Amino acid sequence: MRDPAIIEEKHVPVIETARLKLRPLALDDFELLHRCASDPDIVQYMIWGNYDKDETVRFLRQCEDDWSATPQKRYPFAIVLKETGEAIGACWLQLEENLKCGELSWVLHSDWWHRGYMSEAAVVFLGFCFKDLGLHRVYAHARVENSGSYKIMEKLGMRREALYRKLDPVRFSDTESWADVYLYAILEEDYFNA
């Protein structure tokens, strides 16, 4: 895959691949994000979600505010099909206080699973983290049963560093239960030496 073309639009990056455009997540993305954040098949793997409409609006307003924060600590992007302009998912980076390490997260609506879109977006998003933001370390979490997500992490060259036992509460359960979570990470030197 070629390096993404990173374009400045109003001082906010837009990242492109052959099939996708990653652009700032905004209130206009309500329909997509609300479908994702209220779909039990998707949020069963998340620590957020099962939002009502007001919660989705609040989240998206915060995403818009993130782009003007100084220093910027969160980079929320919509994942958009170039051919149609339809938003199909989102990804974001949450920086730690030192601004040199950050956590990647992503969601793709289930209508678009198993087509390689999330892998394609994740590759260029990781490049943005290291090449453009100059991060030292990037990490991500995935529930043990969410193999689709952690297989993407492995494709990115991230290494499984930990298994957190019973870390996340399990949703949509009649009894209190907890899910195990994997931690994956990649260092700047590993990214550039791959």
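In the predicted model, residues 24 or more positions apart account for 59% of the contacts with a separation of 6 or more in the protein. The chain contains six helices and nine strands, and of its 194 residues 46% are buried. The protein exposes about 10,300 Å², of which carbon and sulfur atoms supply 48%.

In soluble globular proteins, nonpolar side chains tend to be buried together. In this model the largest nonpolar core comprises 40 residues, among which Leu22, Phe77, Leu104, Trp106 and Val138 touch the most other members. The element that gives the most to this core is helix 4, with ten residues. A second core, separate from this one, is made up of 15 residues, including Phe59, Leu60, Cys63 and Trp92. The surroundings of Trp106 can be described in further detail: when neighbours within four places in sequence are left aside, Trp106 is in contact with Met46, Ala90, Cys91, Met118, Ala122, Ser149, Ile152, Met153 and Leu156.

Rolling a probe the size of a water molecule over the atoms shows where empty space is left. The largest pocket has a volume of about 960 Å³, and of the 39 residues that line this pocket, those closest to its centre are Met46, Trp106, Val107, Asn146 and Ser149. Two or more lining residues are given by each of strand 5 (87–95), strand 6 (101–108), helix 4 (117–132), strand 7 (137–143), helix 5 (147–155) and strand 8 (159–169), and helix 5 gives the most, with seven residues. By residue class, the lining of the largest pocket divides into 21 nonpolar, ten polar and eight charged residues. Trp106 thus appears both among the residues closest to the centre of the largest pocket and among those that touch the most other members of the largest nonpolar core, and its contacts include Met46 and Ser149, which are likewise listed among the residues closest to the pocket centre.

A further tryptophan, Trp112, lies in the loop between strand 6 and helix 4. Because its relative accessible area of 15% falls under the 20% cut-off, Trp112 is classed as buried. Not counting residues up to four places away in sequence, Trp112 touches Leu81, Glu86, Ile88 and Tyr117; in the case of Ile88, which is 24 residues away along the chain, the C-alpha atoms are separated by 6.9 Å.

A charged residue, Asp66, is also buried, with a relative accessibility of 8%. Asp66 belongs to helix 3 (residues 53–66), and, residues up to four places away in sequence not being counted, it touches Gln72, Arg74 and Pro76. The loop between helix 3 and strand 4 (74–81) contains Pro71, and the peptide bond leading from Thr70 to Pro71 is cis, with omega near -10 degrees.

Positive phi values are found in residues other than glycine at Leu99, where phi is about 60 degrees, and at Lys166, where phi is near 50 degrees. Leu99 is placed in the loop between strand 5 and strand 6, whereas Lys166 is placed in strand 8. With a relative accessibility of 29%, Leu99 counts as partly exposed, while Lys166, at 55%, counts as exposed because this value is over the 50% cut-off.

Two further pairs of residues are described by their separation in sequence and in space. Val12, in strand 2 (residues 12–16), is buried, with a relative accessible area of 15%; Val12 and Tyr75 are 63 residues apart in sequence, and their C-alpha atoms are 9.8 Å apart. Asp132, in helix 4, counts as partly exposed at 41% relative accessibility, and this residue and Pro13 are 119 residues apart in sequence, with a C-alpha to C-alpha distance of 9.8 Å.

Notes
Residues numbered from 1 in each chain as written. Predicted model: local features only at pLDDT ≥ 70, side-chain atom pairs only at ≥ 80, totals over all residues. Heavy atoms only, no water. 1 Å grid on protein atoms, 1.4 Å probe; cavity = no way out; pocket = protein on both sides within 12 Å on 5 of 7 lines; lining within 4 Å. Points joined across faces, edges and corners; volume = space filled by probe spheres on them. Helix = DSSP H or I, 4+ residues; strand = E, 2+ residues; numbered from the N terminus. Core = buried A, V, L, I, M, F, W, Y, C linked by side-chain atoms within 4.5 Å. Buried < 20%, exposed > 50% of the residue type's maximum accessible area, 1.4 Å probe, protein only. Contact = heavy atoms within 4.5 Å. Areas by Shrake-Rupley, 256 points an atom, 1.4 Å probe, with all protein chains shown as cover.
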